[in-house]
Amino acid sequence: MLSKKMQDALNKQLNAEFYSAYLYLSMSAYFQSVNLGGFANWMRVQAQEELTHAMKFYDYVNERGGRVVLQPVEGPPRWRCSRTPTGTSRR
Ligand SMILES: [Fe+2]
């Protein structure tokens, strides 16, 4: 059984892993939008890795008889770039 303090810390880390995945995924989306498919793919792979980390915390809490408590995931920052992709327009 996990102490409340440990369970809270693990749930907080679980949220941080999801946030990291979200952040990488937002970067992937940006790179895809400016036709940088290789960069987009690399960021997507990183996002998947963070989801794998998150699920390790998720499983560990459950295996130790704790309770996974999912919290809202903070949104990523809006990426600003002066460069716009050729042949596209910004909204
Ligand atoms: Fe991670």
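In this predicted model, helices H1 and H2 pack at an angle of about 165 degrees, and their axes lie 8 Å apart. An angle over 145 degrees counts as roughly antiparallel, and the two helices are therefore roughly antiparallel to each other. Their crossing is left-handed. This pair is a good place to begin a tour of the chain, which holds two helices and zero strands.

Each helix can be checked against its expected length. H1 covers residues 4-33, and at 1.5 Å a residue its 30 residues should span 44 Å; the C-alpha atoms at its ends are 43 Å apart, which agrees. H2 runs over residues 37-63. With 27 residues, H2 reaches 39 Å from its first C-alpha to its last, close to the 39 Å expected.

The interior of the structure can be followed from one helix to the other. On H1, the buried residues are Asn11, Leu14, Glu17, Phe18, Ala21, Tyr24 and Ser28. An α-helix has 3.6 residues a turn, so residues three or four places apart point the same way. The buried residues of H1 pack against H2. On H2, the buried residues are Met43, Ala54, Phe57 and Val61, and what covers them includes H1. Over the whole chain of 91 residues, buried residues make up 12%.

Many of these names return in the largest nonpolar core, which has eight residues in all: Leu14, Phe18, Ala21, Tyr24, Met43, Ala54, Phe57 and Val61. H1 and H2 each supply at least two residues of this core. Phenylalanine 18 gives a view of the packing from inside the core: leaving aside its neighbours within four places in sequence, phenylalanine 18 is in contact with Ala54 and Val73.

Glutamate 17, a residue of helix H1, deserves a closer look. Glutamate 17 counts as buried because it has 20 C-beta neighbours inside 10 Å, and 20 or more are required for that label. Once neighbours within four places in sequence are set aside, the contacts of glutamate 17 are Glu50, His53, Ala54 and Phe57. Another link across the chain joins glutamate 17 and methionine 55: these residues are 38 apart along the chain, and their C-alpha atoms are separated by 8.9 Å. Contacts between distant parts of the sequence are also seen in the chain as a whole. Among contacts with a separation of 6 or more, 72% are between residues 24 or more positions apart.

The ends of the helices have features of their own. Asparagine 35 sits in the loop between H1 and H2, just after H1. Most residues other than glycine have a negative phi. Asparagine 35, by contrast, has a positive phi near 60 degrees, although it is a residue other than glycine. Asparagine 35 counts as exposed because it has 12 C-beta neighbours inside 10 Å, and the label applies at 12 or fewer. Just after H2, glycine 65 also takes a positive phi, here of about 80 degrees.

How values were computed: Residues are numbered from 1 along each chain as its sequence is written. This is a predicted model: local features need pLDDT of at least 70, side-chain atom pairs count only at pLDDT 80 or more; totals for chains, interfaces and linings use all residues. Helices (H or I, at least four residues) and strands (E, at least two) are DSSP runs, numbered from the N terminus. The expected span of a helix is 1.5 Å times one less than its number of residues. Two residues are in contact if their C-beta atoms, placed from the backbone, lie within 7 Å. A nonpolar core is a set of buried Ala, Val, Leu, Ile, Met, Phe, Trp, Tyr and Cys residues joined through C-beta atoms within 7 Å. Axes are lines fitted to C-alpha atoms, for helices over the stretch in contact, and angles run from 0 to 180 degrees between N-to-C directions. Angles under 35 degrees count as roughly parallel, over 145 as roughly antiparallel, 65 to 115 as roughly perpendicular and the rest as oblique. A crossing is left-handed if the near helix is turned anticlockwise from the far one by less than a right angle, and right-handed if clockwise.
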